[in-house]
Amino acid sequence: MPYNDGSDIFPSALKLLIAGGFGVGKTTFVGSVSEIAPLRTEEILTTASIGTDDLSGVERKSTTTVAMDFGRITISSEYVLYLFGTPGQERFWFMWDELCNGAMGAVVLADTRRLEDCFAAVDFFESRGIAFLVAVNEFDLDYRYEPDDVRGALDLKPETPVIFCDARDRKSAHGVLISLTKHLLDSQIARDTVPHNGASA
Amino acid sequence: MPSTDDEHWFDDAAGRLIRPYTVSNGRTEPTLRMELLSLVMATGRPAHNQLGPDHSLALGLCGQPTSVAEIAARLRLPAVVTKILLCDLVDCGAVDTRAPDPIADPTNPAVLETILDALQRRL
């Protein structure tokens, strides 16, 4: 029987994260760009009493289940891009290291009525050194803020882009991913042009 | 009522009707390092027949290179349990696996350019 060792067949899987507060439109966004209907995968995490659960004196591990919605875009025969929408239970997905390791970049979806909901994601990506942009999902009745208002409110670094989008709209959501990819390229160029400390004697 | 067309004991309201690690025979650790974005594909070699129905379902989803995340979602099993099933299939030669490529890291501008082109073509 012909046997394929698969060496030429496997593409490389790439990963982007879509984060933001509960109900901000992460799964909608994933659905707008994905070539498959968004799928949900779960992981069982083992946690030593974490977050706000005060289990003083009760030193035991517990398990919790975290769910994640994701979609996929075939880039070429060599690359497949996966988009993972992080769940609303923020304090759990931060612990899902595997999900965050190797992410190329991230979109933080924001709702201007509840900007504070994305503080945790912004802090997390900054601390992990994962490049990201903030995409304000414009709900119909929103007062239109300027990008600098959002930047100020979230205390973003000057290089972090702030853009506006409609997560339901295929074109708009693709625009966000294109902006993110350009931002990742720019970050790379910036990194390459800054001399490394101690690189020259 | 569990859905009758599903070999899983799965109820739309209650979810899976058996505990997740039952499927993996109580094992909680995969035998190989496998990631959510590891890709798996059937080799065409048969799986040995001691493997259970969940293994058959998993194998049936590996017709082309498919991520562990996707197989977990379609089996409606936690990722760790899916990895254990897939490792059994790798161990018996029925499935081949490939870890995410380190070349495809975010610092590679050629990869980013490829993504940019592809996204722009989709518009």
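The following paragraphs describe a predicted model of two chains, beginning with each chain and ending with the contacts between them.

Chain A comprises 201 residues, of which 39% count as buried. Its secondary structure consists of six helices and seven strands. In sequence order these elements follow the pattern β-α-β-β-β-α-α-β-α-β-α-β-α. Among the contacts in chain A with a separation of 6 or more, 72% are accounted for by residues 24 or more positions apart.

Chain B has 123 residues, and 41% of them count as buried. Five helices and five strands make up its secondary structure, and from the N terminus on they run β-β-α-β-α-β-α-α-β-α. When contacts between residues at least 6 apart in sequence are considered, 66% of those in chain B join residues at least 24 apart.

Within chain B, one helix pair may be examined in detail. Helix 3 (residues 68-75) and helix 4 (residues 79-91) of chain B have axes that come within 9 Å and cross at roughly 105°. Because angles of 65 to 115 degrees count as roughly perpendicular, helix 3 and helix 4 of chain B are described as roughly perpendicular to each other. On the side of helix 3 of chain B, the contact is made by Val68(B), Ala69(B), Ile71(B), Ala72(B) and Leu75(B), while helix 4 of chain B contributes Ala79(B), Thr82(B), Lys83(B) and Leu86(B). By character, the residues of this contact between helix 3 and helix 4 of chain B divide into seven nonpolar, one polar and one charged.

The two chains also meet each other: 35 residues of chain B are in contact with 39 residues of chain A. On the side of chain B that touches chain A, at least two residues each come from strand 3 (39-42), helix 3, helix 4, strand 5 (95-98) and helix 5 (109-122) of chain B. Helix 5 of chain B gives the most to this side, with 10 residues. The residues of the side of chain B that touches chain A comprise 23 nonpolar, six polar and six charged.

Turning to the interior, the largest nonpolar core contains 83 residues, and those touching the most other members are Ile18(A), Tyr82(A), Val107(A), Val108(A) and Leu86(B). Helix 4 of chain B gives the most to this core, with nine residues. Leu86(B), one of the core residues named above, is also among the residues through which helix 4 of chain B contacts helix 3 of chain B. In chain A, Val107(A) touches Leu16(A), Ile18(A), Phe132(A), Leu133(A), Ala135(A), Val176(A) and Leu180(A), when residues up to four places away in sequence are not counted.

Methods: Residues are numbered from 1 along each chain as its sequence is written. Chains are lettered from A and ligands numbered from 1 in the order in which they are written. This is a predicted model: local features need pLDDT of at least 70, side-chain atom pairs count only at pLDDT 80 or more; totals for chains, interfaces and linings use all residues. Axes are lines fitted to C-alpha atoms, for helices over the stretch in contact, and angles run from 0 to 180 degrees between N-to-C directions. Helices (H or I, at least four residues) and strands (E, at least two) are DSSP runs, numbered from the N terminus. Angles under 35 degrees count as roughly parallel, over 145 as roughly antiparallel, 65 to 115 as roughly perpendicular and the rest as oblique. Two residues are in contact if their C-beta atoms, placed from the backbone, lie within 7 Å. Ala, Val, Leu, Ile, Met, Phe, Trp, Tyr, Cys and Pro count as nonpolar, Asp, Glu, Lys and Arg as charged, and the others, Gly among them, as polar. A residue is buried if 20 or more other C-beta atoms lie within 10 Å of its own, exposed if 12 or fewer, and partly exposed in between; C-beta atoms are placed from the backbone. A nonpolar core is a set of buried Ala, Val, Leu, Ile, Met, Phe, Trp, Tyr and Cys residues joined through C-beta atoms within 7 Å.
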